[in-house]
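Dear colleague,

I am passing on to you the structure we spoke about, and I would be grateful if you could look through it before reading my notes below.

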Amino acid sequence: MDSLILWASVALVILVALSAMFSATETAYTGANKIKLKKSAEDGNRKAAKALKLLENYDRLLTTILVGNNLVNILASSLCTFIFTGMFGSIGVAYATAFMLVIILAVGEITPKSLAKANAEAFATAMSGPLGIIIKVFIPITWIFERFSGTVARHTPSDSENSPTLTEEELRIMVDEIEEEGEIETAESDLIKSAMEFDDKTVSEILTPRVDIVAVDKTATMDELKEVFLRSGYSRIPVYNETVDTIVGVVYSKDFYTKYFQADKDQKIGDLIRRVRFIPESTTVAKALSEIQRSSVQMLVVIDDYGGTVGIVSLEDVLEELVGEIWDESDTVELDIVRDTDGGYTVMGDANINDLMEVLERKIDIEEYDGSTVGGFIQYRLQKMPITGDRLKVDDITMIVTSVRNRRVKLVKVIAEEPEASE
């Protein structure tokens, strides 16, 4: 009898160890990062590749683990009862129950799962070989449970099949967490998030508006065009026929100066005109970039529903949405939002109102306003053409129009009151 109890004790230790293994494996495969496993597999780790293959049929994997875990736990409980009743008689059942409760929780569940959670990918990789064998051995049993769970699942409404694995917002949070951990720099994080927002913005948010377009009539002389190039400092000038609503092309400065110094200066500019592409104002920034790449043009003309010119978008405008402002030696650096010494802000009329909210760290109620500029918002709220001195108060934020040019708000003074401290 003593020999039998000894062997039963050895078997009990092995079963508890198997219980710990199944518990750890369940946690490891549930929490394993597939991206890390794919990277390890691409680096030549065959076990990581095998772990990924096991995860492809997660239902079978989980069923096998749960069947194995419950099987060894039941056997362990039975052996423990046998051992304790042999040692203490009928009271041994109570002792066995208390003993197995502590052992299974501490050794078979909590500790292995905690360790596996901290090293999920490593543990999943290490267990891929043994687990593959166990899955094959348990196929007859798991097949029954798979059929049962599949039948229940078919009669249970679920939208999990249509839901994405990772949403854009979840990815943004993940990028922030990786940045906080120091794995990527702030600049890299900003670039990733800019790329994520790239397809959410339309060209109407980044274009140079019609009233700010520097262009020439196609009947202009070479001397007149030269004056426009010198005065504006631009390397490309749109050319229109009678009005800016009928832009017919664009002249590049390099083409102009080559022709200007080699040919008759009194000739017209028609033979210098290069084609431009036209896009609707609802076009996303990402599609605008694709259009520039496909058509090999550097400038797009944005038109409204009636074919009129809304503005122009250049390759530089598009790229700045990804990498931020790009300044060259001919640019005059003008910041859209500048902090004043009195605590207020001087804001350009065409500054993005969302950027202003970020700077102020306040939420502005824009109501039904569907534009993007501070000046446009002021005009929308005032319901009239703003003039110098007009004031607009939105909650604890005051906007004062300080400069108007060509019926457009040029500068705005923004004052944000400090929120009252709660008692």
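What follows is a short account of what was found, going from the whole chain to single residues.

Please bear in mind throughout that this is a predicted model. The protein chain has 16 helices and 12 strands, and of its 423 residues, 36% count as buried. Its accessible surface comes to about 25,900 Å², with 55% of that area belonging to carbon and sulfur atoms. If one takes the contacts between residues at least 6 apart in sequence, 54% of them join residues that are at least 24 apart.

Turning to the interior, the largest nonpolar core contains 34 residues, and those with the most contacts inside it are Leu-12, Tyr-29, Leu-61 and Leu-131. Two or more residues are given to this core by each of α1 (2–31), α3 (46–56), α4 (58–88), α5 (92–118) and α7 (128–137), and the largest share, 10 residues, comes from α1. Leu-131 illustrates how these parts meet: once its neighbours within four places in sequence are left aside, Leu-131 is in contact with Thr-25, Tyr-29, Leu-54, Leu-61 and Ile-65. There is also a second, separate core, made of 22 residues, which includes Tyr-369, Leu-392, Met-399 and Val-412. As general background, nonpolar side chains in soluble globular proteins tend to be buried together.

Nonpolar side chains also appear on the outside, where Leu-6, Trp-7, Val-10, Ile-14 and Leu-18 make a nonpolar surface patch of about 510 Å². Within this group, Val-10 lies in helix α1. Is Val-10 buried or partly exposed? Val-10 counts as partly exposed because its relative accessible area is 39%, which falls between the limits of 20% for buried and 50% for exposed.

A polar residue, Thr-63, offers a contrasting case, and its place is in helix α4. Thr-63 is buried, since its relative accessible area of 14% is under the 20% limit. A polar atom of the Thr-63 side chain lies 2.7 Å from the backbone oxygen of Asp-59. Residues further along the chain come up against it as well: not counting those up to four places away in sequence, Thr-63 touches Thr-142, Phe-145 and Glu-146.

If you would like a place to begin, you could start with Leu-131 and its contacts, among them Tyr-29 and Leu-61, and then go on to the patch that includes Trp-7 and Val-10.

With kind regards

Note on methods: Residues numbered from 1 in each chain as written. Predicted model: local features only at pLDDT ≥ 70, side-chain atom pairs only at ≥ 80, totals over all residues. Heavy atoms only, no water. Core = buried A, V, L, I, M, F, W, Y, C linked by side-chain atoms within 4.5 Å. Buried < 20%, exposed > 50% of the residue type's maximum accessible area, 1.4 Å probe, protein only. Helix = DSSP H or I, 4+ residues; strand = E, 2+ residues; numbered from the N terminus. Contact = heavy atoms within 4.5 Å. Patch = residues over 30% accessible without salt bridge, like charges linked within 9 Å, V, L, I, M, F, W, Y side chains within 5 Å. Areas by Shrake-Rupley, 256 points an atom, 1.4 Å probe, with all protein chains shown as cover. Salt bridge = Lys/Arg side-chain N within 4 Å of Asp/Glu carboxyl O. Polar contact = N/O pair within 3.5 Å; in protein donor to acceptor, adjacent residues only side chain to side chain.
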